[in-house]
Each structure stands twice: as C-alpha cells, then as structure tokens.
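Trainee: Could you take me through one part of this structure up close? I'd like to hear how the strands sit together in a sheet, and then anything on helix packing.

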Amino acid sequence: MQPIITVRNLSKAYASGFKALKHVNLDIQRGEILALLGPNGAGKTTLISIICGIVTASEGQVLVGGQDIGSHYRQTRSLIGLVPQELTTDAFETVWDTVSFSRGLFGRPPNPALIEKILRDLSLWDKKDNKIITLSGGMKRRLLIAKALSHEPQILFLDEPTAGVDVNLRRDMWQLVRQLQQSGVTIILTTHYIEEAQEMADRIGVINKGEIILVEEKNELMRKLGKKQLTLHLTQPLAEVPAGLTGYALALSADGTELVCTYDAQDDQVDVPGLLNALIDAGLRFKDIQTTQSSLEDIFVNLVKDET
Ligand SMILES: Nc1ncnc2c1ncn2[C@@H]1O[C@H](COP(=O)(O)OP(=O)(O)O)[C@@H](O)[C@H]1O
Ligand SMILES: [Mg+2]
C-alpha cells in the first residue's frame with residue numbers, strides 16, 4: 001500500500017544557517033503509530049512543522065496522501081490534524097467555540113453532533129461552555145487534541161503530547177491515542193521519553209541532530225539491537241574465568257562473585273545448558289541465575305551516544 005506520508009531527502013537550514021534537518025527520508029504507513037524519538041533539539045518539531053506546512057523546507061519533498069504538500073497545500077493539510085507542543089489558543093474563548101472554529105478553518109461545514117462526540121470522547125463535554133483559562137493542564141492538552149480532530153483528519157501529529165504531564169495523565173493520553181488508532185487515524189507522535197515510544201509505537205524512528213538514525217518496527221528493534229545477559233551468582237568468588245570456559249563470552253565481576261554471559265537477543269544458538277554443564281565440570285557452584293534483556297532505553301542511549 002502507498003504510504004500515507006512520504007518524506008524524501010528533506011533538509012532544513014534555518015535563517016541562522018543552523019541545519020535542523022539533514023536529508024531525512026521516511027515513509028509513514030496508513031494506520032500505524034510511529035514514534036519519533038529523539039533528544040531535545042533533534043529536529044522533531046521542525047520535521048512535523050514542515051510536513052504540516054508551517055515551516056518551509058530548504059530541500060526535498062513531502063507527499064501526503066500521494067500529493068505534494070507544496071503544490072497541493074489545501075488538500076494535503078486538510079488530511080492532517082496537528083497537536084502542537086505549546087498551547088496557543090485564546091484563553092477567553094469557550095471550549096465549544098474554539099473547537100467549532102478550528103473545524104471552520106478547514107472550510108468544513110458546521111457539524112455540532114461531531115463536535116459533541118469529540119468532546120465527549122475526550123471527557124470535555126461538561127466543560128464545553130467553560131473558558132479555556134479555567135481548564136486544568138490535562139484538559140488543555142485534551143482540548144488541543146479536540147481541535148486537531150475537529151476537521152476529521154486521517155493523520156494526527158502529536159508533538160510531545162505528554163511532556164510535563166504527570167504519570168496518570170500520561171497513561172490516559174496513551175489510551176486515548178490507542179482509541180484514535182482503532183478509529184483508523186494514523187498517528188505520529190514525537191517524544192523524548194523512551195518509555196512512551198516503547199509503550200505506544202508500532203514503529204520507532206530515532207532522530208538525532210537532524211538525522212534519522214534508524215526506523216524500525218519496535219519489536220524488531222528490540223530483537224535486533226537488544227542484548228541478553230545471563231548472570232550467575234557464584235557461591236565462591238573467582239580470581240579469573242576458568243580456562244575450560246573460554247569458549248563462552250563470559251566476564252567476571254570485579255568482586256569475582258558474578259559471571260556474566262552476554263549475547264545478542266536474536267541469537268537463539270547460545271547453548272545455555274552446555275554452559276551450565278561446563279560450569280559444573282569446572283567445579284563452580286552458583287546460588288542464583290538471572291537473565292535480563294536490554295530495554296529500549298539501553299538501545300537508545302547507545303545509538304545516540306554512537307552518533308556524538
Ligand atoms: N526558528 C528557528 N531558527 C533557528 N533555529 C531553530 C529554529 N527553530 C528550531 N531551531 C533549532 O533547530 C534545532 C531543532 O529544533 P526542534 O525541531 O524544535 O527540535 P526538537 O523538537 O527535536 O526538540 C534546535 O537546535 C533548535 O534550536
Ligand atoms: Mg520539539
């Protein structure tokens with residue numbers, strides 16, 4: 001199937017000369033949740049802003065629904081809902097008015113039943129006559145989503161949807177995003193929270209210093225880059241790894257009480273029973289065995305570190 005968004009060779013140099021994006025290529029598939037994961041300043045907001053037509057690219061092309069955003073701005077923009085990083089609505093407008101007005105901006109005819117449904121879905125219905133200034137932070141975030149959904153977009157961009165949001169609200173937001181996906185919306189969210197990408201995304205794009213370092217299915221990413229570790233807690237400390245065990249990738253902890261075997265998570269060939277037998281043959285006794293798999297966090301930290 002044709003990607004719903006195609007980004008080709010996209011670069012952005014701001015007026016200052018600073019290169020915020022460097023030759024970015026990215027396909028976004030219909031119906032997926034893609035997380036753009038990267039540290040502050042990586043270029044996430046710049047990338048979203050270009051796709052949404054707020055910032056102009058210095059080089060490259062963006063297709064939305066198969067059409068060029070430059071030559072088909074109105075059609076492509078109307079497919080997109082954008083939830084910006086910052087709240088920028090008139091504080092004295094009511095919830096109902098601001099959401100209805102957002103729909104009108106896209107030339108859509110009024111549809112009170114739809115606005116009601118959106119507000120109900122976002123638990124804002126009982127606030128519909130309240131002024132924005134009276135809303136809590138979490139409500140304001142939901143209001144931004146309501147505005148972005150008001151013209152029935154097929155694609156929703158959420159720029160750092162949970163930055164500075166407490167844990168409970170974050171979980172609510174995640175659930176909401178899943179519901180939106182189930183209703184058929186393609187979702188692109190940016191985040192610098194690894195946990196959020198790990199929790200939410202079907203695919204993860206890692207962006208750092210204006211470059212997309214990789215884009216991969218989340219599970220594949222964990223499988224490919226993840227490491228597994230088998231840790232043996234010994235009953236007696238060792239001075240060195242016994243000679244008979246050099247065939248295994250074993251490391252001894254500084255105090256000699258733990259032997260650690262590290263292997264790629266994708267490698268099913270590590271002969272764990274053989275290793276245990278070899279340990280027993282070498283006269284070693286252990287009181288506990290522990291296995292761990294690296295998290296997305298470990299993987300991410302390594303990726304970003306390698307790039308610097
Ligand atoms: N209008 C601008 N003029 C100059 N530099 C900018 C402008 N907007 C963003 N930048 C710079 O571009 C880089 C990427 O910014 P941004 O896309 O906001 O990153 P992110 O959203 O990943 O934190 C940052 O170093 C930022 O300072
Ligand atoms: Mg940003």
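Mentor: Let's start with one pair of residues: Lys228 stands opposite Gln293 in β14. Keep in mind that this is a predicted model. Now widen the view to the strands around that pair. Strand β11, residues 227-234, runs antiparallel to β14, and 7 bridges join the two. As general background, strands of a sheet pair through backbone hydrogen bonds, either parallel or antiparallel. Here β11 and β14 belong to an open sheet of 4 strands, and if you walk across it you meet β12, β13, β11 and β14 in that order, with antiparallel pairing. The edges are taken by β12 (250-252) and β14 (286-293); each has a single partner strand, so one side of each is left without a neighbour in the sheet. On average, neighbouring strands of this sheet are turned by 20 degrees against each other, ignoring direction.

Now for the helices. Two packed helices are described by the angle between their axes and the distance between the axes. For α3 (residues 95-105) and α4 (residues 112-121), the angle is about 120 degrees and the axes are 11 Å apart. Angles of 65 to 115 degrees would count as roughly perpendicular and those over 145 as roughly antiparallel, and α3 and α4 are therefore oblique to each other. The crossing of α3 past α4 is right-handed. On the α3 side, the contact is made by Val95, Trp96, Val99, Ser100 and Arg103, while α4 brings Ile115, Ile118 and Leu119. By character, the residues of that contact split into 6 nonpolar, 1 polar and 1 charged.

Key: Residues are numbered from 1 along each chain as its sequence is written. Chains are lettered from A and ligands numbered from 1 in the order in which they are written. This is a predicted model: local features need pLDDT of at least 70, side-chain atom pairs count only at pLDDT 80 or more; totals for chains, interfaces and linings use all residues. Axes are lines fitted to C-alpha atoms, for helices over the stretch in contact, and angles run from 0 to 180 degrees between N-to-C directions. Angles under 35 degrees count as roughly parallel, over 145 as roughly antiparallel, 65 to 115 as roughly perpendicular and the rest as oblique. A crossing is left-handed if the near helix is turned anticlockwise from the far one by less than a right angle, and right-handed if clockwise. Two residues are in contact if their C-beta atoms, placed from the backbone, lie within 7 Å. Ala, Val, Leu, Ile, Met, Phe, Trp, Tyr, Cys and Pro count as nonpolar, Asp, Glu, Lys and Arg as charged, and the others, Gly among them, as polar. Two strands pair if DSSP finds at least two bridges between them.
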